[in-house]
Amino acid sequence: MNQRALTDVHAHLAALPTLENGCRVSRKLLKGPFGRAIMRMQGMDPADPEGSNQRYVENLEIELKCSAEVSRAVVLGMDGVYGSDGLLDDGRTEFLVSNDAVFAACRGRDCFLPGPSVNPMRRDALDELERCKALGAALIKTLPNSMGFNPCLPGFKPFYQALSRLKLPLLSHVGYEFAVIAGEQMFGNPELLIPALDEGVTVIAAHGGSSGLFVLERNLPVLLGMMARYPNLYADVSAMTLPNRVRALFQLARHPEVFDRLLFGTDYPIPVFAYPCLAAFSLSGYRAARSAPSRFDRQARVIREVGITLTRDFLDLT
Ligand SMILES: [Zn+2]
């Protein structure tokens, strides 16, 4: 793996709804602190959704191209909440980034890999997996806490079998979710991913499989045990410089036996912080990470400074 070969397996597409793009965002999310911060950082304006959406994609592309170490990003969609009838529940869907918007953003950009999102509760879930595969999906993203489903329901077995047959890795959020409004936090329990692993799906547990609960890190021992049992289980290191996940980052650094199962990721547009370098007693690393013009390089530097060596890239999995 050469120095420029890193892939960010976890970069979000954000999009305001237009007449054609099939995206949705609730007023609550748009007006809340998270929504307002993203809009401000990305220079987006609800009065100009088309221009804002274009700007977001360009911002991501420019920052990626500034990176010395990361040359590609999997650009993620976000499916909505579905009722027991398998139809989209508009009232409970706070945020939806459609798969068509993901494929449109990736078209003509070699540095983007499409990471569409399919809620297994949707009536046409299997058809949508086939469609996404045919369009070149690199993986399928889910966020069970916000999408309102329990990943271990027996009814999802055909969904996991299809992922396995289509060789589509599943990138699933793990732990508590604070950015996008969450319905049921227990759906972020890593053990709920066991049925997918049992079907042979390549599963990537997001955020190092951490709980996201500051010092109350309960998930990591569970994830490490699962990694020992399932060679098809990986974890990304996205969002792990955030204060609520940084403890797990240092814990992961003490387990070199799983370094070859860790994949690079940032959770773009979430910020990446340099301060973990200080906790690792590296002032030079902190300065270098802080002054990195791209958060992709900042993340790569912090991961190294805390003692984690990434030996595998997402492209090795596909
Ligand atoms: Zn994310």
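The exercises below deal with a predicted model, and each one is followed by a worked solution.

**Exercise 1. The zinc site**

Find which protein atoms are donors of the zinc ion, and state what the pair H12 and D267 ties together.

Solution. Start with the atoms around the metal. The donors are NE2 of H10, NE2 of H12 and OD of D267, at 2.1 to 2.2 Å from the zinc ion. Next, place them along the chain, where their spacing reads H-x1-H-x254-D. Then locate two of them: H12 belongs to strand β1 (residues 6–12), while D267 sits in the loop between β10 and α11 (276–279), so this pair ties together parts that are 255 residues apart in sequence. Last, check accessibility: H12 and D267 are both buried.

**Exercise 2. An open sheet**

Work out the strand order of the open sheet of five strands and find its edge strands.

Solution. Read across the sheet: the order is β6-β7-β8-β9-β10, and the pairing is parallel. A strand at the edge pairs on one side only, which holds for β6 (140–142) and β10 (262–263). Now look at one of these edges. Strand β6 is joined by three bridges to β7 (residues 170–172), and the two run parallel. Within this pair, T142 is opposite S172 of β7.

**Exercise 3. The largest cavity**

Determine the volume of the largest cavity and describe its lining by class.

Solution. Begin with the count: the structure has one cavity of 30 Å³ or more. The volume of the largest cavity is about 40 Å³. Then list its walls. Its lining includes T142 and S172, the residues that stand opposite each other in β6 and β7. Also among the lining residues are P120, P144, F149, F159 and L193. Helix α7 (157–165) and strand β7 each contribute at least two residues to this lining. Sorted by class, the lining has eight nonpolar and two polar residues, with no charged ones.

**Exercise 4. The second largest pocket**

Identify the residues nearest the centre of the second largest pocket and the helices that each supply at least two lining residues.

Solution. First take the volume, about 290 Å³ for the second largest pocket. Of the 15 residues that line this pocket, N21, N53, Q54, A101 and A104 lie nearest its centre. Helices α3 (49–66) and α4 (99–106) each supply at least two residues of the lining. The classes are seven nonpolar, four polar and four charged residues.

**Exercise 5. Two sides of a helix**

Decide where the buried and the exposed residues of helix α12 lie.

Solution. List the buried residues of α12 (residues 283–291): G285, Y286 and A289. Looking down the axis, these buried residues fall within an arc of 100 degrees, so they line one face of the helix. Now turn to the other side: the face directed away from the buried one carries S284, R287 and S291, which are exposed.

**Exercise 6. A buried strand**

Sort the residues of strand β5 by the way they point, and find the residue opposite L113.

Solution. In β5 (residues 112–115), F112 and P114 point one way, and L113 and G115 point the other way. All four residues are buried. Strand β3 (residues 70–76) is joined to β5 by four bridges, and the two strands run parallel. Here V74 is the residue opposite L113.

**Exercise 7. A proline in a helix**

Classify P221 as buried or exposed.

Solution. Locate P221 in helix α9 (residues 219–229). Its relative accessibility is 55%, and the cut-off for exposed is over 50%, so P221 counts as exposed.

Key
Residues are numbered from 1 along each chain as its sequence is written. This is a predicted model: local features need pLDDT of at least 70, side-chain atom pairs count only at pLDDT 80 or more; totals for chains, interfaces and linings use all residues. Side-chain values use heavy atoms; hydrogens and water are left out. Two strands pair if DSSP finds at least two bridges between them. Donors are N, O and S atoms within 2.8 Å of the metal (3.2 Å for Na, K and Ca); water is not among the atoms, so sites may look incomplete. Buried means under 20% relative accessible area, exposed over 50%, partly exposed in between (1.4 Å probe, protein chains only). On a 1 Å grid over the protein atoms alone, a cavity is a set of points where a 1.4 Å probe fits but cannot get out, and a pocket is an open set with protein on both sides within 12 Å along at least five of seven lines; lining residues have an atom within 4 Å of a point. Grid points are joined across faces, edges and corners, and a volume is the space filled by probe spheres set on the points. Ala, Val, Leu, Ile, Met, Phe, Trp, Tyr, Cys and Pro count as nonpolar, Asp, Glu, Lys and Arg as charged, and the others, Gly among them, as polar. The arc is that of the directions from the helix axis to the C-beta atoms.
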